[in-house]
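Work through the following exercises with the sequence and the model side by side. Each task is followed by a solution that goes step by step.

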Amino acid sequence: MSTADMPPAPSGRQRSDVRRNEQKLLDAAASVFVRMGIDAPVREIAAEAGLGMGTVYRHFPTRADLVVAVFRHQLDALAVAADDPAAADTPYEDLRRWVHRFADFLVTKHGLAEALHSDQAGFEALHNEFVERLLPVLDQLLTDSASAGCTRADVRAYDFMLAIGNLCIGVETFPDYQARRMIDLLLAGLTRTAPAPS
């Protein structure tokens, strides 16, 4: 094939459109997975994103590809969330908002093992990455909240992360289970002044 016969390279605008569509798909898939689990129909994800099903499959040929991409997308967002200056007014609200987003992330993470059932090593590597990246973020949020006098200072980030994970397990078993409500009860138990939820 001569150079003249080769298809033109995608323009900057096309690459930008591709990236934008991928972000829309990841956001939509994360939202649908939280509501319906990782077995949600692809048409639900496409509809949520406002894109065609062909676009979903072009970006993510298999469900495992999609679940891993959503996992990493959520992980990236959580890893920088504590630095978001527009997050909340108080360190307690910063902590609460992050923990709620973390709970949504755990719903996807529970499905990750199923999506990667034939790749246990891959799942373990992703799990280790999640702990290594998010534990320092949660530790900083807890430290900031305690320093501001909002919450107790004797809470270890790893223990708190495990507690949140255990509270999220009920989502898979009980249809009316409200993990965020349970998490708010846990957070209220950590507070010194018990600020009202916003």
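Helices (H or I, at least four residues) and strands (E, at least two) are taken as DSSP runs and numbered from the N terminus, and the expected span of a helix is 1.5 Å times one less than its number of residues. The model is predicted, so that local features need pLDDT of at least 70 and side-chain atom pairs count only at pLDDT 80 or more, while totals for chains, interfaces and linings use all residues. Residues are numbered from 1 along each chain as its sequence is written, and side-chain values use heavy atoms, with hydrogens and water left out.

**Exercise 1. Describe helix 8, and determine which of its residues are buried and which are exposed.**

Step one concerns length: helix 8 covers residues 179–190, which is 12 residues, and its first and last C-alpha atoms are 17 Å apart, close to the 16 Å expected at 1.5 Å a residue.

Step two sorts the residues by relative accessible area, where buried means under 20%, exposed over 50% and partly exposed in between (1.4 Å probe, protein chains only). The buried residues of helix 8 are Ala179, Ile183, Asp184, Leu187 and Leu190. Viewed down the axis of helix 8, these buried residues fall within an arc of 135° and therefore line one face of the helix, the arc being that of the directions from the helix axis to the C-beta atoms. Arg181 and Leu185, on the other side of helix 8, are exposed.

**Exercise 2. Which residues of the largest nonpolar core touch the most other members, and which helix gives the most to this core?**

Begin with the term: a nonpolar core is a set of buried Ala, Val, Leu, Ile, Met, Phe, Trp, Tyr and Cys residues joined through side-chain atoms within 4.5 Å. The largest such core has 32 residues, and those touching the most other members are Trp98, Phe102, Phe105, Phe130, Leu134, Leu138 and Phe160. Next, assign the core to helices: helix 4 (63–81), helix 5 (91–115), helix 6, helix 7 (157–168) and helix 8 each supply at least two residues, and helix 5 gives the most, with 8 residues. A second, separate core has 20 residues, including Leu25, Ala29, Ala40 and Val56.

**Exercise 3. Place phenylalanine 130 in its surroundings, and state why phenylalanine 130 counts as buried.**

Phenylalanine 130 is found in helix 6 (residues 120–147), and counts as buried because its relative accessibility is 4%. Taking contact to mean heavy atoms within 4.5 Å, and leaving aside residues up to four places away in sequence, phenylalanine 130 touches Phe71, Leu75, Phe102, Phe105, Leu106, Lys109, Leu135 and Met161. Phenylalanine 71 lies 59 residues from phenylalanine 130 along the chain, yet their C-alpha atoms are separated by 9.2 Å.

**Exercise 4. How many aromatic pairs are there, and which residues form one aromatic cluster?**

Rings of Phe, Tyr and Trp (its six-membered ring) pair if their centres lie within 6.5 Å, with planes under 30 degrees apart counted as stacked, over 60 as edge-to-face and the rest as tilted. By this rule there are 5 aromatic pairs. The rings of phenylalanine 102 and phenylalanine 105 have centres 6.1 Å apart and planes at 25°, so this pair is stacked. Both residues lie in helix 5, 3 residues apart, about one turn of the helix, and phenylalanine 102 counts as buried at 0% relative accessibility.

Phenylalanine 102 also forms a stacked pair with phenylalanine 130, at 6.0 Å centre to centre and 25° between the planes. This pair links distant parts of the chain, since phenylalanine 102 in helix 5 and phenylalanine 130 in helix 6 are 28 residues apart. As a last step, the cluster is made up of Phe71, Trp98, Phe102, Phe105 and Phe130.
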